[in-house]
Amino acid sequence: MIKGSTYCLRNFESFFNLSSILGATLKHSRRKMSHAGPLDSIPKVDIDKAGIFKYILLKVYNKNDQEASVTIVRGYAHCNYHSDIYDEVQEKLSPLECEVLGGGRISHDSDFKRIKIYGYSQGYGKADHEVTAKIIKDSYPKYTITISDEGY
């Protein structure tokens, strides 16, 4: 009987030792995932359903881990200036950091499934429309996406 009790006690100790090791590993994994987690949950594209409006291309990252980042596109007709879009996005994504990579305009024709990316931002400069087009194409795969360096 004592031999059996000793065996159970050792297994019991082994279980708690193992669970504390696993617990520490899980906590460490959660910490690692939390860096990418918030970035992964950010929609890559948030633009108005139709119309002509200004847009900005942004790099979003955690202040404590600038290596992990995501590039997103935001464009809204209710924003008169590119900086208004930035202010709105920064407020929504806080405490994450946002860096504007440039801006332009989007013409979104949802009836004919066409998006035209063109122009520039006077305040932020011209966004890389090729990058913007690729990001938008991932979110709107059935659309025809065109870019132009002409127009404001």
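Reader: Which exposed residues sit on the face of α3 turned away from its buried side?

Author: Happy to start there: in this predicted model, that face carries E130, K134 and D138. Residues three or four places apart on an α-helix point the same way, because there are 3.6 residues a turn.

Reader: And how do you know that the buried residues of α3 line one face of the helix?

Author: The buried residues of α3, which spans residues 129-139, are H129, T132, A133, I135 and I136. Looking down the axis of α3, these residues fall within an arc of 165°, so they line one face. They pack against β1, β2, β3, β4, β5 and β6.

Reader: What makes the link between D128 and E130 at the start of α3 a polar contact?

Author: A side-chain oxygen of D128 comes to within 3.1 Å of the backbone nitrogen of E130. The cut-off for N or O atoms is 3.5 Å, so the pair counts as a polar contact.

Reader: Why is K54 said to have no salt bridge?

Author: K54, found in strand β2, is buried, and the nearest side chain of opposite charge, D84, is 7.7 Å away. A salt bridge has to be within 4 Å, so this pair does not count as one. The side chain of K54 does reach the backbone oxygen of N80, at 2.9 Å.

Reader: Why are C79 and C98 called buried?

Author: Buried means under 20% relative accessible area, so C79 qualifies with 6%, and C98 with 7%.

Reader: How many disulfides does a search of the whole structure find?

Author: Zero.

Methods:
Residues numbered from 1 in each chain as written. Predicted model: local features only at pLDDT ≥ 70, side-chain atom pairs only at ≥ 80, totals over all residues. Heavy atoms only, no water. Helix = DSSP H or I, 4+ residues; strand = E, 2+ residues; numbered from the N terminus. Buried < 20%, exposed > 50% of the residue type's maximum accessible area, 1.4 Å probe, protein only. Lys, Arg positive; Asp, Glu negative; His and termini not counted. Polar contact = N/O pair within 3.5 Å; in protein donor to acceptor, adjacent residues only side chain to side chain. Disulfide = S-S within 2.5 Å. Arc of directions from axis to C-beta. Contact = heavy atoms within 4.5 Å.
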